[in-house]
Amino acid sequence: MFRKFFKLLTSKFLLVCILLLLELALVPTMILVLAKYVPQLSSLLSLFFAVLNIVLTLYIIHSEMNAEYKIAWIVPILLLPPFGALLYVSLRRRKTPRRKLKSLLTRVKGMECLYTQPLELMERYRQKSAFAEQCAKYVNAESMLPSTTFFEHKYFPNGEAYFAQLCEELQKAQKFIFLEYFIIKPGKFWDTVHNILIEKSKQGVDVRVIYDDIGSMLKVPDDYADTLEKQGIHCLCFNRFRPVLDVAQNNRTHRKIAVIDGKTAFTGGINLSDEYINETHPHGKWKDTGIMVRGCAAQNFTAMFLQLWALKDSESNYEEYLSTYNEGERLCIPFGDTPFDGERNICEDLYMKIIYNAKHYVYINTPYLVLDGEMKRALITAARSGVDVRITIPAIPDKKYVYSVTKAYSLQLLKEGIRVYRYTPGFIHAKSIVSDGNCCIIGSSNMDFRSFYLHYECNAIFFDEEVAKDLEDDYINTCSECEELSVSHFKNSPFRMLYRAVLRLFSPLM
């Protein structure tokens with residue numbers, strides 16, 4: 001315990017947080033000092049901030065942002081002048097990111113070959129169903145990523161199976177290995193993968209790793225990217241945390257991507273850390289899921305990885321990363337989300353399309369349940385239409401304040417006939433939706449504002465009965481370990497009701 005505390009005290013994280021707090025306090029302090037020593041400015045400052053609050057409120061009301069997000073900002077702006085206005089100006093979501101991230105808004109020059117949509121492939125989606133064709137066109141229009149096929153898959157109902165298969169595939173690599181994860185942390189999982197990467201690099205394999213700075217902070221040293229570079233592993237520490245009040249600090253890469261030789265790809269909710277394989281137990285038993293696909297679908301994951309990698313280096317020839325594995329008739333579309341898609345969000349929109357299209361059932365796994373009005377309406381509409389809507393959440397939370405929001409939304413959904421299950425062995429980190437045995441999504445996105453609006457995420461939508469059956473079977477098995485909740489499980493004292501109401505009000509900012 002003392003070692004961890006000392007590590008925190010001497011970390012860059014604590015220093016940056018202190019500097020951010022000082023920066024946040026600087027302007028209000030200057031205003032108070034001026035008001036005290038220059039009294040004639042006091043009334044002018046009051047008038048200025050009164051006008052600023054009105055202008056910002058009107059601007060937010062007439063903006064295109066999500067309704068819940070509007071309310072979450074209007075309340076502090078009006079109730080906490082001038083702090084609310086200053087926070088909004090500093091931390092609002094912007095349509096344009098920090099300058100260095102602008103290249104992520106468009107395809108990197110030369111990458112066009114990775115985004116080419118074969119016309120004959122769209123015909124397969126059309127033959128599959130009108131719904132599959134609509135989703136394929138939507139993903140291509142919004143993310144530019146093409147529709148793809150695969151010829152083999154393997155579903156992982158837990159991190160242990162994912163870990164074993166990932167290591168096996170990494171050892172087969174002959175050309176390149178691309179890994180992009182929110183968290184890497186020394187231990188059995190990462191150390192095993194790390195050793196394989198070092199060995200493969202010595203064999204001439206192009207090995208690259210992207211990890212998120214905040215996701216891996218306090219888990220690896222600040223100079224860990226340099227350490228990996230010295231070992232022959234090319235590395236990018238994404239969006240380094242720095243002492244600047246900037247919404248870009250929230251724009252993390254939450255993706256979980258592994259691509260081997262452009263043939264095999266992994267995604268899901270699993271990071272490279274020991275709790276994901278139940279070697280450690282910070283929150284009881286850890287339930288997570290992942291999937292491996294083989295085929296040209298891997299090319300979309302390659303494109304997502306290389307788009308971020310362009311922040312570090314550009315390629316001279318992207319054609320060498322084209323997948324040559326075109327066999328297979330099974331349909332799936334790996335897709336990515338960025339924080340700069342405007343008010344559109346590909347994953348949230350596809351979730352809602354699946355929910356509205358459902359005829360029989362919709363089963364959802366999510367560690368965090370923080371819904372906007374559109375998603376809540378979709379779930380309630382489906383349940384009122386006779387669809388069996390189920391959502392599984394953790395019993396042991398990793399973030400208690402977010403868990404309180406999850407419980408608040410769960411209570412509301414229960415009242416509308418939606419079935420909510422609590423994973424009693426511990427923490428469920430899986431992120432998936434499956435419907436009617438023919439369509440599903442699995443990937444890195446949680447059902448919350450942070451995943452839908454702030455993070456870089458990756459997912460894959462499958463129009464394949466075998467994959468859907470795997471997710472459905474695992475979901476039913478997981479439910480057997482869960483407790484089905486009812487309204488009676490929630491204590492409704494006035495204090496608790498007020499607490500939940502406040503948390504829900506500010507949930508878009510969490």
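This briefing walks through two sheets, two helices and two buried residues of the structure above. The model is a predicted one, so please read every value here as computed from it. One open sheet has seven strands and another has nine. Helices H16 and H14 come next, followed by Asn-446 and Arg-390.

**The seven-stranded sheet**

- Across this open sheet the strands run in the order E2-E9-E7-E6-E3-E4-E5, and their pairing is mixed.
- Strand E2 (152–156) and strand E5 (234–238) form the edges, each pairing on one side only.
- From one strand to the next, the twist averages 10 degrees.
- Five bridges link E2 with strand E9 (residues 290–294), and the two pair in the antiparallel sense. Within this pair, Glu-152 stands opposite Arg-294 of E9.
- Helix H8 (residues 159–171) packs on the sheet and touches E2, strand E3 (176–181), strand E6 (256–260), strand E7 (264–268) and E9. The direction of H8 makes about 155 degrees with that of E7.
- Helix H11 (residues 298–309) also packs on the sheet, touching E3, strand E4 (206–212), E5, E6, E7 and E9. Its direction makes about 70 degrees with that of E3.

**The nine-stranded sheet**

- Here the order is E1-E10-E17-E16-E15-E11-E12-E13-E18, in an open sheet with mixed pairing.
- At the edges stand strand E1 (148–150) and strand E18 (482–484); each has a single partner strand, so one side of each is left without a neighbour in the sheet.
- On average, neighbouring strands of this sheet are turned by 25 degrees against each other, direction ignored.
- Strand E10 (residues 330–337) pairs with strand E17 (residues 457–463) in the antiparallel sense, over seven bridges. Ile-333 has Ile-461 in E17 as its bridge partner.

**Helix H16**

- H16 covers residues 465–479, which makes 15 residues, and spans 21 Å from its first C-alpha to its last, close to the expected 21 Å.
- Its buried residues are Val-467, Ala-468, Leu-471, Asp-474, Tyr-475, Thr-478 and Cys-479. Viewed down the axis of H16, these fall within an arc of 140 degrees, so they line one face of the helix.
- That fits a general rule: an α-helix has 3.6 residues a turn, so residues three or four places apart point the same way.
- The N-terminal end of H16 is capped by Asp-464, which places a side-chain oxygen 3.1 Å from the backbone nitrogen of Glu-466.

**Helix H14**

- H14 (residues 400–414) has 15 residues as well, and reaches 21 Å between its first and last C-alpha, close to the 21 Å expected.
- Of its 15 residues, 11 are buried, so H14 is largely enclosed by the rest of the structure. Among them are Val-402, Tyr-403, Tyr-409, Leu-411 and Leu-414.

**Two buried residues**

- Asn-446 sits in the loop between strand E16 (439–443) and helix H15 (449–454), and is buried with a relative accessible area of 4%.
- The side chains of Asn-446 and Lys-431 are joined by a polar contact of 2.4 Å. Beyond its neighbours within four places in sequence, the contacts of Asn-446 include His-254, Thr-366, Tyr-368 and Phe-452.
- Arg-390 belongs to strand E12 (residues 388–394) and is buried too, at a relative accessible area of 13%.
- Leaving aside neighbours within four places in sequence, Arg-390 has contacts that include Val-362, Arg-419, Tyr-421, Ile-476 and Cys-479. Tyr-475 is another contact of Arg-390; 85 residues separate the two along the chain, and their C-alpha atoms are separated by 9.7 Å. Tyr-475 and Cys-479 are also among the buried residues of H16.

Technical notes. Residues are numbered from 1 along each chain as its sequence is written. This is a predicted model: local features need pLDDT of at least 70, side-chain atom pairs count only at pLDDT 80 or more; totals for chains, interfaces and linings use all residues. Side-chain values use heavy atoms; hydrogens and water are left out. Helices (H or I, at least four residues) and strands (E, at least two) are DSSP runs, numbered from the N terminus. The expected span of a helix is 1.5 Å times one less than its number of residues. Buried means under 20% relative accessible area, exposed over 50%, partly exposed in between (1.4 Å probe, protein chains only). The arc is that of the directions from the helix axis to the C-beta atoms. A polar contact is a pair of N or O atoms within 3.5 Å; within protein, one must be able to donate a hydrogen and the other to accept it, and residues adjacent in sequence count only if both atoms are side-chain atoms. Contact means heavy atoms within 4.5 Å. Two strands pair if DSSP finds at least two bridges between them. Axes are lines fitted to C-alpha atoms, for helices over the stretch in contact, and angles run from 0 to 180 degrees between N-to-C directions.
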